[in-house]
Amino acid sequence: MPSYHLAIDLGASGGRVALGRLEGERLEVEVLHRFPNGPVELPGGLYWDVLGLWREVGHGLSLAAERASGPIASLGVDSWGVDFALLDEYGLLMDGLRHYRDPRTEGQMERAFARMSREEIYRTTGLQFMPINSLYQLLATEERSPGVLARAQHFLMVPDLLHYWLTGRAVCERTNASTTQLFDPTQGDWAWGLIQAMGLPQAMLGPLVEPGSRLGPLLPPWASRWGLRDAEVIAPGTHDTASAVAAIPAEGEGWAYISSGTWSLVGLETAQPHITPQTLALNLTNEAGVHGTTRLLKNVMGLWILQECRRSWGDPEWPQLYAEAEAVCPRGSLGAYIDPDHPSFLHAGSDMPQRVAVYCERTAQPLPQGRGAVVRCVLESLALKYRWVLEGLERVTGQTLHTLHVVGGGSQIDLLNRLIAAATGRAVIAGPVEATLMGNLLVQAEGCGVLEPQQRRRVVAASSTLRRYAPEHFSDWITPYMRFAELIAGQN
Ligand code: LFR
């Protein structure tokens, strides 16, 4: 008998509601509804349209019952990390849902370091320093809207908020909580000492639950409206990256992953957190994975820079842009690089191609001329940055990483896959595109008791079409990598 589950995956540029049908070791995923997502600018800053997302989720869920040939056992939400909602004593949303690219976090890291040293924050949380982390967003709220935090009864990450609206239960799922920099991965609990040292209220931080936890049935109006009377809400790994990593179709040892979308998350799954001066120097993060694993990884700015460039060019088709990038340089490297993680690329704005040019000019490199060259410069820089991160991961763990699994939307970009294989000198296995949905669905299936955790990666491999890329022309990339590594060293 197949079992049916629904996954809701909210990403920075779009969301999906999908139906999963699991039978034996095969999972079929049907996307029922796709919708766009993006920042909304108000006079007070940058927000997400959380009510619009809720409406779209409701629409997607209303399509589910008639698509499944049996009762739907469960549903669960995942989303990007770091962003949170505050609810007041009536359970009402305070201050909407802020977008992590809101520039209000500028200068907040320095305020945090005045309360607890950078080293101590890292020792406690093991989290990479990014201005977008919830900690710095909370400090910005405290500074700009005094009194708001003191009134907040619940601090909920985006999937926790949707789970609350679906079930009435306000809990914090662990994988997404681990992206806040308020979480202690060694203790597996909120970092109470740090929270106190930062002067943040403790009462708003609710109970933590594990991925796979049953959160309860849908509230009666939803259950009847959507025809989902048998469905239980089960928390997946609610951080989208946790769900994606749960669905890497890997076997054995020596593999790393790139979860490739708006961000590229480059890392390893490890049994324990790695929190050392070396991992701090590389600004590696230790986020919570499913079943007590750790995601030792680094955020690389990812396809964001290209998404913003494309927007400024009036949204040409992606295949057209990749064809232009291919044509400007049929083999080897174009010879101009950016560090995708330079702070100048973080915030939204229509001048992204200009920012790429400014970076190249400031670092005395040739300016990429035309759209194709800009796309090429960004893709090559991503591939080189992945190599730089992989070498760091090898140094801190002592592992040899010979295979790279690329999953998510970015795994469809053939040119990028070839560049990654060539520039890193590693075998690339691309796919599945829908890793996040698959990980979300399969962890729910585990929560329902219809799948064993050790079957999960096998199910993904058996249910996906994977493409393999051998590292060809690696020697073409030795000099570019040396130049790229010097660029990074000069900048830090
Ligand atoms: C990817 C992701 C990253 C997180 C970033 C911001 O979608 O969840 O893991 O660092 O978004 O939340």
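This section describes the nonpolar core, a strand hairpin and one exposed loop residue in a predicted model.

The largest nonpolar core comprises 137 residues. Within this set, the residues that touch the most other members are Val 378, Ile 420 and Leu 442. Helix α16, spanning residues 371-397, supplies the largest share of the core, with 14 residues. The core also draws on two domains, taking at least three residues from domain 1 (3-238) and at least three from domain 2 (239-431 + 466-492). In soluble globular proteins, nonpolar side chains tend to be buried together.

The surroundings of Leu 442 were examined further. When neighbours within four places in sequence are left aside, Leu 442 is in contact with Leu 27, Ala 246, Ala 247, Leu 451, Arg 456 and Val 459.

A hairpin is formed by strands β4 and β5, with two residues between them. Strand β4 covers residues 39-42 and strand β5 covers residues 45-48; the two pair in the antiparallel sense over four bridges. In this pairing, Val 40 of β4 stands opposite Tyr 47 in β5.

Glu 251 lies in the loop that runs between helix α11 (240-246) and strand β17 (255-260). Because only 10 other C-beta atoms lie within 10 Å of its own, and the limit for an exposed residue is 12 or fewer, Glu 251 is classed as exposed. Glu 251 is separated from Leu 93 by 158 residues in sequence, and the C-alpha to C-alpha distance between Glu 251 and Leu 93 is 43 Å.

Note on methods:
Residues are numbered from 1 along each chain as its sequence is written. This is a predicted model: local features need pLDDT of at least 70, side-chain atom pairs count only at pLDDT 80 or more; totals for chains, interfaces and linings use all residues. A residue is buried if 20 or more other C-beta atoms lie within 10 Å of its own, exposed if 12 or fewer, and partly exposed in between; C-beta atoms are placed from the backbone. A nonpolar core is a set of buried Ala, Val, Leu, Ile, Met, Phe, Trp, Tyr and Cys residues joined through C-beta atoms within 7 Å. Domain bounds come from an automatic or database domain assignment. Two residues are in contact if their C-beta atoms, placed from the backbone, lie within 7 Å. Two strands pair if DSSP finds at least two bridges between them.
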